[in-house]
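Q: Could you take me on a close look at how one helix packs against its partners in this model? I'd like the contacts, the geometry and any neighbouring pocket in one connected account.

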Amino acid sequence: MIAEVRTTPEHRATAVQQLLRRQRLRRALEDYEKFIRIKAFEFARSPHEREDFEQEGRIAVWRAVTALEAKQDKGSHRYFRVAINRAMIDYWYKVYRRNCQVWRYTGPPPKVERYRYRGE
């Protein structure tokens, strides 16, 4: 026996929101794919690293769409381009500047007793 599925107005509303989110994300990815590829070509030093930079750009678009959705804002062309560019810069620092570390603190800053430079 097939179970009868009843949809409530809340369920329908969330389903519509999910469809709209997917549509916005797909449209944004299509609009900025060429820009992502150009920027990845600028940042990557080798062809196989270009894919990683492209993926970072796509993740930036996804984050921008979800952030704008939370604010109930449409966003601008410049907003997306800046988000993509900054995401690739962050990834560049992560890959090529290994001595440059980014620290994320969730609590109060730790106390440092002493710094040590070059074996001193």
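A: Here is a walk along helix α1 and its partners, with two residues and a pocket along the way.

Please keep in mind that this is a predicted model. The chain has three helices and zero strands, arranged along the sequence as α-α-α. Of its 120 residues, 22% count as buried. Among contacts with a separation of 6 or more, 63% join residues 24 or more positions apart.

Let's begin with α1, which covers residues 9-43, and its packing on α2, which covers residues 47-71. The axes of these two helices come within 8 Å and cross at roughly 145°, and the crossing is right-handed. On the α1 side, the contact includes Arg21, Arg24, Leu25, Ala28, Leu29, Tyr32, Glu33, Ile36, Arg37 and Ala40. Across from them, α2 brings Arg50, Phe53, Glu54, Gly57, Arg58, Val61, Trp62, Val65 and Glu69. Sorted by class, the contact of α1 with α2 holds 12 nonpolar, one polar and eight charged residues.

One of the charged side chains there deserves a pause. Glu54 sits in helix α2, and with a relative accessible area of 11% it falls under the 20% cut-off, so Glu54 counts as buried. Setting aside residues up to four places away in sequence, Glu54 touches Ile36, Arg37 and Ala40, and also Met88. Ile36, Arg37 and Ala40 belong to the α1 side of the contact with α2, while Met88 is part of α3.

That brings us to the other partner of α1. Helix α3 spans residues 77-96; α1 and α3 pack at an angle of about 35°, with their axes 10 Å apart. This crossing, too, is right-handed. From α1 come Ala28, Tyr32, Phe35, Ile36, Lys39, Ala40 and Phe43. They meet His77, Phe80, Arg81, Ile84, Asn85, Met88, Ile89, Trp92 and Tyr96 in α3. By class, the contact of α1 with α3 has 12 nonpolar, two polar and two charged residues.

Within α3, Ile84 is a good place to stop. Ile84 has a relative accessible area of 0%, which means that it is buried. Leaving aside neighbours within four places in sequence, Ile84 is in contact with Tyr32, Phe35 and Ile36, as well as Gly57, Ala60 and Val61. Tyr32, Phe35 and Ile36 lie in α1, whereas Gly57 and Val61 lie in α2. The C-alpha atoms of Ile84 and Glu56 are separated by 7.7 Å, although the two residues are 28 apart along the chain.

Finally, the three helices also share a pocket. The second largest pocket holds about 380 Å³ of space and is lined by 15 residues. Nearest its centre lie Arg24, Leu68, Asp73, Lys74 and Phe80. Each of α1, α2 and α3 supplies at least two residues of the lining, and the largest share, five residues, comes from α1. By class, the lining has five nonpolar, four polar and six charged residues. Two residues met earlier return here: Arg24 from the contact of α1 with α2, and Phe80 from the contact of α1 with α3.

Notes. Residues are numbered from 1 along each chain as its sequence is written. This is a predicted model: local features need pLDDT of at least 70, side-chain atom pairs count only at pLDDT 80 or more; totals for chains, interfaces and linings use all residues. Side-chain values use heavy atoms; hydrogens and water are left out. Helices (H or I, at least four residues) and strands (E, at least two) are DSSP runs, numbered from the N terminus. Buried means under 20% relative accessible area, exposed over 50%, partly exposed in between (1.4 Å probe, protein chains only). Contact means heavy atoms within 4.5 Å. On a 1 Å grid over the protein atoms alone, a cavity is a set of points where a 1.4 Å probe fits but cannot get out, and a pocket is an open set with protein on both sides within 12 Å along at least five of seven lines; lining residues have an atom within 4 Å of a point. Grid points are joined across faces, edges and corners, and a volume is the space filled by probe spheres set on the points. Ala, Val, Leu, Ile, Met, Phe, Trp, Tyr, Cys and Pro count as nonpolar, Asp, Glu, Lys and Arg as charged, and the others, Gly among them, as polar. Axes are lines fitted to C-alpha atoms, for helices over the stretch in contact, and angles run from 0 to 180 degrees between N-to-C directions. A crossing is left-handed if the near helix is turned anticlockwise from the far one by less than a right angle, and right-handed if clockwise.
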